[in-house]
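Colleague: Please take one part of this model and describe it closely, step by step. I would like to know how it is built, what lies against it and what it holds.

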Amino acid sequence: MPGQSLRLWDPVVRLFHLSIAGVFVGNYFFNEAGDDWHVWLGYYAMGWLLVRLVWGFIGPASARWSDFWPTRARLAAHVRSLLERRPEHRLGHSPIGALVMILMLLAMLTTGLSGWAMEEVDALWGADWPLQVHETAADALLVMVAIHIAAALFESFQVRDNLPLSMLTGRRRRLPDDPQR
Ligand code: HEM
Ligand code: HEM
């Protein structure tokens, strides 16, 4: 029934989101670049990336890679539905949303791996490029996060629901065209 709420995001996805978003904001804006907090928070986020990778194979439907992997056909259908102004709603990521999500995860992974390379790999001591990769990946992530937040707010107005809140509570309002689950 429209108007009711439905359970969408499971606790692992929600804790994952809170963790990587918190680490990103902390490491980008707040702590001293390269201090102990920065490094340990970075590794904490890397641990979560691994958990999320595995969860995408064993978790519930809305967490599964196969449920939302942005194939060419899914992306084309999504773009067509937007151009024809008949938005479709899914119980999970839209194809374009999933594409941005995957790019964000890759940027975060690159940031973490380059940070590790710069700190721990003796052979790279004094080399310039790990820092450049680290900065570029972190800046690219900042741009994508800005788009991500803008899209979440825009879509919240479209469907008249608080989607950022749904990432915290796991529930969102049921829409008339939602499939039953
Ligand atoms: C994954 C989340 C991370 C984010 C978003 C992040 C972001 C950043 C940013 C924005 C800077 C400033 C770059 C500049 O000077 O312009 C920085 C510097 C630095 N980061 Fe990270 N970082 C992350 C993880 C890590 C990890 C895992 C390590 C090490 C194991 C690390 C080590 C460093 C070091 C040593 C610097 C200082 C480099 C220098 O100025 O010489 N970071 N990081
Ligand atoms: C206050 C800022 C943020 C808000 C309001 C927000 C909001 C959201 C919302 C509403 C979703 C669900 C998207 C959907 O319906 O398909 C989502 C998912 C996601 N967000 Fe954010 N987000 C924020 C910050 C971030 C940051 C900083 C990052 C990355 C560093 C991030 C990475 C992700 C990822 C990877 C997902 C997919 C979650 C999964 O399926 O595991 N978000 N976010």
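Modeller: Take helix H2, which has 23 residues and spans 33 Å from its first C-alpha to its last, close to the 33 Å expected at 1.5 Å a residue. The expected span is 1.5 Å times one less than the number of residues. Helices here are DSSP runs (H or I, at least four residues), numbered from the N terminus.

This is a predicted model: local features need pLDDT of at least 70 and side-chain atom pairs count only at pLDDT 80 or more, while totals for chains, interfaces and linings use all residues. Residues are numbered from 1 along each chain as its sequence is written, chains are lettered from A and ligands numbered from 1 in the order in which they are written, and side-chain values use heavy atoms, without hydrogens and water.

At the N-terminal end of H2, Asp35 acts as a cap, with a side-chain oxygen 3.3 Å from the backbone nitrogen of Trp37. Such a polar contact is a pair of N or O atoms within 3.5 Å; within protein, one must be able to donate a hydrogen and the other to accept it, and neighbours in sequence count only if both atoms are side-chain atoms.

Which residues of H2 are buried? They are His38, Val39, Gly42, Ala45, Met46, Trp48, Leu49, Arg52 and Gly56. Buried means under 20% relative accessible area, exposed over 50%, and partly exposed in between (1.4 Å probe, protein chains only). An α-helix has 3.6 residues a turn, so residues three or four places apart point the same way. The buried residues of H2 are covered by parts that include helix H1 (11-30), helix H3 (65-68), helix H5 (95-120) and H6. Covering is judged by contact, meaning heavy atoms within 4.5 Å.

His38 also holds a metal: together with His134 it coordinates the iron atom of ligand 1, each through NE2, at 2.0 Å. His38 lies in H2 (residues 36-58) and His134 in H6 (residues 129-159), so the pair ties together parts that are 96 residues apart in sequence. Donors are N, O and S atoms within 2.8 Å of the metal (3.2 Å for Na, K and Ca), and water is not among the atoms, so sites may look incomplete. The six donor atoms around this iron atom of ligand 1 subtend angles of 87 to 179°, which makes the arrangement octahedral. For six donors, that word requires opposite donors over 155 degrees apart and all other angles between 65 and 115. His38 and His134 are both buried.

H1, which helps to cover H2, has 20 residues and reaches 27 Å from first C-alpha to last, close to the 28 Å expected at 1.5 Å a residue. Asp10 caps the N-terminal end of H1, a side-chain oxygen lying 2.9 Å from the backbone nitrogen of Val12. Buried residues of H1 include Val13, Phe16 and Ile20, and what covers the buried residues of H1 includes H2, H5, H6 and helix H7 (163-169).

H1 takes part in a second iron site: His17 and His148 are the protein donors of the iron atom of ligand 2, each with NE2 at 2.0 Å. His17 is in H1 and His148 in H6, 131 residues apart, and the pair links these distant parts of the chain. Here His17 is partly exposed, at 28% relative accessible area, and His148 is partly exposed at 32%.

Definitions and conventions:
Tetrahedral: all angles 85-135°; square planar, octahedral: opposite > 155°, others 65-115°. Helix = DSSP H or I, 4+ residues; strand = E, 2+ residues; numbered from the N terminus.
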